[in-house]
Amino acid sequence: VDGMRPDFKAAMDSYEAFMNEYVDFMKKYNNNPSDAELLSDYADYVSKYSDFVEDFDKWEDEEMNNTEAAYYIDVQARVSKKLLEIS
């Protein structure tokens, strides 16, 4: 994918999707920690965590090329911005 290995791109996209789900979950929790529906949401979140870890295992921490490093930095910046929404 434009200079990125497919497994690297999949791992980064999975990580970003996972973190977006985490932020959404935490927003719901912060708004209403006694909401029983959050238990179901949490189960979905744990399942997505498993998918994210599986994608990263496929990548196996290989060295990044310049395109991958730039994408990694972009993803980390977006994730950090989202995390600030719940801190």
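Leaving aside neighbours within four places in sequence, Y22 is in contact with Y45, L83 and I86, where contact denotes heavy atoms within 4.5 Å. Y22 lies in helix α1; helices here (H or I, at least four residues), like strands (E, at least two), are DSSP runs numbered from the N terminus. With a relative accessible area of 26%, Y22 is partly exposed, a class that falls between buried (under 20% relative accessible area) and exposed (over 50%), as evaluated with a 1.4 Å probe and protein chains only. Although Y22 and Y49 are 27 residues apart along the chain, their C-alpha atoms are separated by 9.3 Å.

The model is a predicted one, in which local features need pLDDT of at least 70 and side-chain atom pairs count only at pLDDT 80 or more, whereas totals for chains, interfaces and linings use all residues. Residues are numbered from 1 along each chain as its sequence is written, and side-chain values use heavy atoms, with hydrogens and water left out. The mean pLDDT of the chain, pLDDT being the predictor's confidence in each residue on a scale from 0 to 100, is 88, and 95% of the residues reach 70 or more. Among the elements of the chain, α2 has the lowest mean pLDDT, at 80, and helix α3 (residues 66–84) has the highest, at 96.

The secondary structure comprises 3 helices and 0 strands, so that the order of elements from the N terminus is α-α-α by the DSSP assignment. Helix α1, which covers residues 6–31, has 26 residues and reaches 37 Å from its first C-alpha to its last, close to the 38 Å expected at 1.5 Å a residue; the expected span is 1.5 Å times one less than the number of residues. Buried residues of α1 include F8, A11, M12, Y15, F18, V23 and M26, and S14 and E16 are also among them.

Helix α2 (residues 37–59) contains D41, which is buried, with a relative accessible area of 18%. Apart from neighbours within four places in sequence, D41 is in contact with F25 and K28, and F25 is itself one of the buried residues of α1. D44, also found in helix α2, counts as partly exposed at 44% relative accessibility. The C-alpha atoms of D44 and E21 are separated by 9.3 Å, with their positions 23 residues apart along the chain taken as the sequence separation.

In the segment before α1 is found G3, which counts as partly exposed at 46% relative accessibility. With neighbours within four places in sequence left aside, G3 is in contact with N65, T67 and E68. By contrast, G3 and S47, 44 residues apart in sequence, are 30 Å apart in space from C-alpha to C-alpha.

For the chain as a whole, the C-alpha trace spans about 45 × 25 × 15 Å along its principal axes, and buried residues make up 25% of the 87 residues. Of the contacts with a separation of 6 or more, 85% are accounted for by residues 24 or more positions apart. The chain exposes about 5,800 Å², of which carbon and sulfur atoms supply 52%, the areas being obtained by the Shrake-Rupley method with a 1.4 Å probe.
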